[in-house]
Amino acid sequence: MRKIKIAPSILSANFAKLGDEVRLAEEGGADYIHVDVMDGHFVPNITIGPQVVKFLREETSVPLDVHLMIENPEFFIDDFISAGSSLLSVHMETCTHLHRVVQKIKSFPEVKVGVALNPATALTNLVNVLDEIDFVLIMSVNPGFGGQKFIPQTIDKINFLKNIINERNLSVEIEVDGGVNVGNAKELFKAGADILVAGSSIFSKDDIKKAIVDLRNATFV
Ligand code: DX5
Ligand code: ZN
């Protein structure tokens, strides 16, 4: 039986209390802590760099799932890995030489490599690297901000990708990021999502632990 993984996104956390909020997420059973890295170029927002990942690594034993929304991600792979990333994803739209970037991350065998796709990016080119990667991050909002509305066409995209993965007998996981909440979690899981990223539907709640439990339960009740 497939089991969903929950990855709370700290983008919606209180950065002044980040250590405390991440510890609550850990107590709530978070499988990963999702860390959104934005450069103000690829996306219209700026967040954090490797230094924050390094401090987070010291605050929690939950694997850090680092989502690079930056141009030229290849310049920063070493820094984010030595800071303590356990999963690292780059956007297909930012990589002219995606295969090379994937190989670079794969040269660190302890790190899971992911490729992220914007809502308007087709799966077409992804199939060429699918057997090289550990997971695909399907964006279900346009990246840049937390708290946006889920784009419903994402469901078809997940279904389609899941079929390709199954047909090719791969163990690639599907991560869905953006607008995930208790109202759509079950449908996402059924469509083929393995990892649900959730920012505002976890960290904007008074009870962070309960929000994680509720989201997990929503996938099977
Ligand atoms: C958006 C980020 C997401 C964001 C999701 O660009 O990649 O990880 O935190 O936030 P919610 O869950 O609030 O849509
Ligand atoms: Zn993200």
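Modeller: A polar contact is a pair of N or O atoms within 3.5 Å; within protein, one must be able to donate a hydrogen and the other to accept it, and residues adjacent in sequence count only if both atoms are side-chain atoms. This is a predicted model, in which local features need pLDDT of at least 70 and side-chain atom pairs count only at pLDDT 80 or more, while totals for chains, interfaces and linings use all residues. Residues are numbered from 1 along each chain as its sequence is written, chains are lettered from A and ligands numbered from 1 in the order in which they are written, and side-chain values use heavy atoms, with hydrogens and water left out.

Colleague: How far is an oxygen atom of ligand 1 from a polar backbone atom of Gly 147?

Modeller: Asp 36 offers a side-chain N or O atom 2.7 Å from a ligand 1 oxygen, and Ser 200 a polar side-chain atom at 2.6 Å from an oxygen of ligand 1. For the backbone of Gly 147, the distance is 2.7 Å.

Colleague: Is Thr 60 buried or exposed?

Modeller: Thr 60 lies in the loop between helix H2 (50–59) and S3 (helices, H or I, of at least four residues and strands, E, of at least two are DSSP runs, numbered from the N terminus). Buried means under 20% relative accessible area, exposed over 50%, and partly exposed in between (1.4 Å probe, protein chains only). Because its relative accessibility is 6%, Thr 60 counts as buried.

Colleague: Which side chain does a polar contact of 2.7 Å join to that of Thr 60?

Modeller: A polar side-chain atom of Thr 60 lies 3.0 Å from the backbone nitrogen of Val 62. The side-chain partner at 2.7 Å is Glu 26.
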